[in-house]
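These are my notebook entries on pockets and salt bridges, written down in the order in which I looked things up.

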Amino acid sequence: MSCFTAWSEVMECMSIGGQVRHYYRYGDLTTCDKETDKLNFCLKNSLSTGEVREKAIQEFYKQTLQDNLKRGSSEDIWEAKDV
C-alpha cells in the first residue's frame, strides 16, 4: 500500500472531473470518504512493520470489499433508469 497512491486517489476524487464522473455514475456528488479513509489508514499504518502491518492491510482490504458488496454497483442505477 502506497500513501502517495492513496493521496493521488483523494485528489482525483475531489477534482471536478472526479465529481462529475461520480455524479454521472451514481446520481449524486461524493465526499470521497472511501479514498480519505484509505489515506488515513495508510498514514496511521505506515509506522507499523512486518506482520502487524501486513495483517492490518489485509483486514483493511477485506473490510473494503465487504462494504463495496453491500453498497451495490453503478449498474443498479442503470437498471432503474431503463425502467
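The entries below go through the pockets and then the salt bridges.

Entry one. Before anything else I noted that this is a predicted model, and I kept that in mind for each value that I wrote down.

Entry two. I looked up the largest pocket and found that about 380 Å³ of space lies in it. It is lined by 15 residues, and those closest to its centre are Cys13, His22, Tyr26, Lys34 and Glu35. I then asked which elements give two or more residues to this lining, and I found the helices α1 (3–14), α2 (16–26) and α3 (33–45). Of the elements, α2 gives the most, with five residues. When I sorted the lining of the largest pocket by class, I counted three nonpolar, four polar and eight charged residues.

Entry three. I went on to the second largest pocket, for which the volume is about 270 Å³. Among the residues that line it are Glu9, Asp33, Lys34, Glu35, Lys38, Phe60, Tyr61 and Arg71. Two or more residues of this lining come from each of α3 and α4 (50–71), and α4 supplies the largest share, which is six residues. By class I wrote down two nonpolar, two polar and eight charged residues for the lining of the second largest pocket.

Entry four. How many salt bridges does a search of the whole structure find? I noted two, and I took them one at a time.

Entry five. In one salt bridge Glu9 pairs with Lys38, and the closest N and O atoms are 3.3 Å apart. Because Glu9 lies in helix α1 and Lys38 in helix α3, the pair ties together parts that are 29 residues apart in sequence. I also checked whether each partner is buried or exposed: Glu9 has a relative accessibility of 29%, so I entered it as partly exposed, whereas Lys38 has a relative accessible area of 16% and is therefore buried, the cut-off for buried being under 20%. Looking back at entry three, I saw that Glu9 and Lys38 both appear in the lining of the second largest pocket.

Entry six. The other salt bridge joins the side chains of Glu12 and Arg21, with 3.7 Å from N to O. Glu12 has a relative accessible area of 46%, so I put it down as partly exposed, and Arg21, at 36% relative accessibility, is likewise partly exposed.

How values were computed
Residues numbered from 1 in each chain as written. Predicted model: local features only at pLDDT ≥ 70, side-chain atom pairs only at ≥ 80, totals over all residues. Heavy atoms only, no water. 1 Å grid on protein atoms, 1.4 Å probe; cavity = no way out; pocket = protein on both sides within 12 Å on 5 of 7 lines; lining within 4 Å. Points joined across faces, edges and corners; volume = space filled by probe spheres on them. Helix = DSSP H or I, 4+ residues; strand = E, 2+ residues; numbered from the N terminus. Nonpolar A, V, L, I, M, F, W, Y, C, P; charged D, E, K, R; others polar. Salt bridge = Lys/Arg side-chain N within 4 Å of Asp/Glu carboxyl O. Buried < 20%, exposed > 50% of the residue type's maximum accessible area, 1.4 Å probe, protein only.
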